[in-house]
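Thanks for sharing this one. Here are my notes, set out as numbered points so that you can follow them with the structure open beside you.

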Amino acid sequence: MPPQPKFDRASVIEEAVELVREGGLDAVNARALAARLGTSTKPLFRLFTGMEELKACLVDELNVRYNAYMDARMTDANRLISQGIAYVSFAREEPKIFNALFMNRTMAGSTLQGVADAEWNRVTIENVRIIAGCEQSEAEAVFLKVWLFSHGIATQIVSNQIAISDSEVASLVTDAYQRFLAPTAGSAA
């Protein structure tokens, strides 16, 4: 009987998260993980069927951390503005994880309607609809525009290291929200 590993799936995933933080998703491989854990690669594959399963579990964990970060920063006063600001803050604080989740083909094949229809965005869209007093389709349109605008700022921070303060981000996202809302709902929320 082979010896039992001195670590479990959770500790392997934790080390994989740290590898992502240091070098991005491409830095995660069996040898790098084994080195961090002080073992050979064989024990890893007693816990996971292969790197595909391990990376799928890693992406799941990165999403859990992203969702917790966002949930802690979003407010019902205006979920869309707080979501946009938090999204950019996440990119600034966790650039390699942001890259792994949002700039690494993880959304390949998605559509804008698919993003709007995603369960995790529906609460924000409904919040826009209520605050602005607009139709569902208008709330979706505003959501998508602010989401894309926020993503643009976030990717500039991550990929080009553009210098932009948190207060500038808040001002830009708020202004974009109001401008995108004005033609559709006829009100500033």
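1. Which residues in H5 meet H6? On the H5 side they are Tyr-87, Phe-90, Ala-91, Arg-92 and Glu-93, and they meet Pro-95, Ile-97, Phe-98 and Phe-102 in H6. By type, the residues of this contact come to seven nonpolar, no polar and two charged. Please keep in mind throughout that this is a predicted model.

2. A word on the overall picture before going further. The protein has 10 helices and zero strands, so the order of elements from the N terminus reads α-α-α-α-α-α-α-α-α-α under the DSSP assignment used here. Along the principal axes, the C-alpha atoms fill a box of roughly 70 × 35 × 30 Å. Of the 189 residues, 39% count as buried. If you take the contacts between residues at least 6 apart in sequence, 64% of them join residues at least 24 apart.

3. Back to H5 and H6, this time for their geometry. Two packed helices are described by the angle between their axes and the distance between the axes. For H5 and H6 the angle is about 120° and the axes are 5 Å apart. The two helices are therefore oblique to each other.

4. H5 has another partner worth a look, in helix H8. H5 covers residues 79-93 and H8 covers residues 119-132. Their axes come within 8 Å and cross at roughly 135°, and H5 and H8 are therefore oblique to each other. From H5, the contact uses Arg-79, Leu-80 and Gln-83. From H8, it uses Asn-121, Val-123, Thr-124, Asn-127 and Val-128. The residues of this contact divide into three nonpolar, four polar and one charged.

5. H6 also packs on helix H9. H6 spans residues 95-102 and H9 spans residues 136-160, with an angle of about 130° between them and their axes 10 Å apart. That angle makes H6 oblique to H9. The crossing of H6 past H9 is left-handed. Here Pro-95, Phe-98, Asn-99 and Phe-102 of H6 make contact with His-151, Ala-154, Thr-155 and Val-158 of H9. Sorted by type, these residues are five nonpolar, three polar and no charged. You may recognise some names: Pro-95, Phe-98 and Phe-102 are also listed on the H6 side of the contact with H5.

6. Now for the interior. In soluble globular proteins, nonpolar side chains tend to be buried together. The largest nonpolar core in this model has 56 residues, and Val-12 and Leu-58 have the most contacts inside it. H9 gives the most to this core, with 10 residues. If you centre your view on Leu-58 and leave aside its neighbours within four places in sequence, you will find it in contact with Ile-13, Ala-16, Val-17, Val-20, Leu-25 and Val-28.

7. Is Ser-150 buried or exposed? This residue sits in helix H9, and at 1% relative accessibility it counts as buried. Beyond its neighbours within four places in sequence, Ser-150 is in contact with Gly-84, Tyr-87, Val-88 and Val-173. One of these, Tyr-87, is also among the H5 residues that meet H6.

8. Gln-136 lies in H9 too. With a relative accessible area of 28%, Gln-136 is partly exposed. Setting aside neighbours within four places in sequence, its contacts are Arg-122, Ile-125, Glu-126 and Arg-129. For Glu-126, which is 10 residues from Gln-136 along the chain, the C-alpha separation is 7.5 Å.

9. Last, have a look at Leu-112, which is found in helix H7, residues 112-117. Leu-112 has a relative accessible area of 43% and is partly exposed. Not counting residues up to four places away in sequence, Leu-112 touches Leu-144, Trp-147 and Leu-148. From Leu-112 to Lys-145 there are 33 residues in sequence and 9.9 Å in space, C-alpha to C-alpha.

Technical notes:
Residues numbered from 1 in each chain as written. Predicted model: local features only at pLDDT ≥ 70, side-chain atom pairs only at ≥ 80, totals over all residues. Heavy atoms only, no water. Axes fitted to C-alpha atoms, helices over the stretch in contact; angles between N-to-C directions. Helix = DSSP H or I, 4+ residues; strand = E, 2+ residues; numbered from the N terminus. Parallel < 35°, antiparallel > 145°, perpendicular 65-115°, else oblique. Left-handed = near helix turned anticlockwise from the far one by under 90°. Contact = heavy atoms within 4.5 Å. Nonpolar A, V, L, I, M, F, W, Y, C, P; charged D, E, K, R; others polar. Core = buried A, V, L, I, M, F, W, Y, C linked by side-chain atoms within 4.5 Å. Buried < 20%, exposed > 50% of the residue type's maximum accessible area, 1.4 Å probe, protein only.
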